[in-house]
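Subject: Structure for you to look at

Dear colleague,

Here is the structure I said I would pass on. My notes on it follow below.

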Amino acid sequence: MIGRVVVLGGGGRGIGATTARLLAARGDTAVVLDAFDVRDSFYPLADGADRAAVQEISGVETVSVDLRDAAATRTAVTDAVQRHGRIDAVVAFAGAVSGGHPLWETTEETLQQALAFNTLTTWHLARAALPHLLTRPATASPAFVALTSVAGEKGLFGLAPYVVAKHATVGVVHALAADLAGTPVTACGIAPGSTDTTMLRQTAAAYGLSDVTELAQYQHGRRPLQPEDVARVVLFALDAGRVVHGAILPADAGFGRV
Ligand SMILES: NC(=O)c1ccc[n+]([C@@H]2O[C@H](COP(=O)([O-])OP(=O)(O)OC[C@H]3O[C@@H](n4cnc5c(N)ncnc54)[C@H](O)[C@@H]3O)[C@@H](O)[C@H]2O)c1
């Protein structure tokens, strides 16, 4: 299934940007939405240099939008539909990690931030995109895919806001899957393990670690996955159709099980 128009929320860097590159290489159009112009965040977001790097790939276009903003998200999705006549699939990559403290020393403000970056971004994208995806025929394999995390099913110490937000993101996928049964659109989640991106470096920093390999001690190979490893699972999910509907696919090298 190639030649699709795929919206990548939070695709300006990391796993999302790698997915955009793979999609474009096989003939899909990747519309990357990222908060390229937001500079006051506690989490370092994709910047102008990231935008330039992903935008120079043929078949990739970029839009600067903060997906925490429901109205701005809706406008960005509607504009993409107007430019291309349709969208066929959406992947929600946006996320941010924070932590370093036990839950009882974590403020409600930090929790709200984590929910906004990880869960509301996914929710807003789903609300904006589903009315358009629902106009697509089953032959176009319309799909909504969300990046969750091993933290969406396990408790990881010192990361309470992220753990709670990713559990809630899993809830968005499950709720969507229930509501989409009987339509042509499918929804699923992908739960990465430790993957070598800014997210993993920020997690290491929250733990006071200088080396990210420490965070891969509980997965196969004892080293982080590369963004392309996870991006290939995203492509699989986009192509798999209803067989993965409602599933949270592990992309974690056995994190916590080996
Ligand atoms: N890297 C890992 O080890 C790991 C593990 C489990 C889950 N994940 C998940 O994978 C996804 C991709 O993360 P990554 O590892 O590529 O890290 P990353 O930090 O490189 O990518 C996250 C992207 O989301 C964007 N983003 C964040 N908030 C946004 C907002 N409000 N609006 C628009 N864009 C926003 C960032 O600018 C960035 O481009 C995230 O959801 C993350 O939680 C990553």
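In this predicted model, the buried residues of α3 pack against three strands, β1 (5-9), β2 (29-34) and β3 (60-64), and against the helix α4 (108-133). Those buried residues are Thr73, Ala76, Val77 and Ala80. Down the axis of α3 they fall within an arc of 95°, so they line one face of the helix. The spacing fits the general rule: an α-helix has 3.6 residues a turn, so residues three or four places apart point the same way. Ala71 and Gln82 are exposed, on the face of α3 turned away from its buried side.

The length of α3 also checks out. At 1.5 Å a residue, its 15 residues (70-84) should span 21 Å, and the end C-alpha atoms are 21 Å apart, which agrees. Glycine 85 follows α3 and has a positive phi, near 85°.

The largest nonpolar core has 83 residues. Val6, Val7, Leu8, Val90, Ala129, Phe144 and Val145 have the most contacts inside this core. Helix α5 (residues 160-180) gives the most to this core, with 11 residues. Valine 90, leaving aside neighbours within four places in sequence, is in contact with Val7, Gly9, Leu125, Ala129, Leu133 and Phe144.

As for the ligand, 28 residues lie around it, and Gly10, Gly14, Gly95, Thr197 and Met199 come nearest. The elements giving two or more residues to this shell are α1 (14-25), α4 and α6 (198-206). The shell has 13 nonpolar, 11 polar and 4 charged residues.

Regards

Note on methods. Residues numbered from 1 in each chain as written. Predicted model: local features only at pLDDT ≥ 70, side-chain atom pairs only at ≥ 80, totals over all residues. Helix = DSSP H or I, 4+ residues; strand = E, 2+ residues; numbered from the N terminus. Expected span 1.5 Å × (residues − 1). Buried ≥ 20, exposed ≤ 12 C-beta atoms within 10 Å, placed from the backbone. Arc of directions from axis to C-beta. Contact = placed C-beta atoms within 7 Å. Near = placed C-beta within 6 Å. Nonpolar A, V, L, I, M, F, W, Y, C, P; charged D, E, K, R; others polar. Core = buried A, V, L, I, M, F, W, Y, C linked by C-beta atoms within 7 Å.
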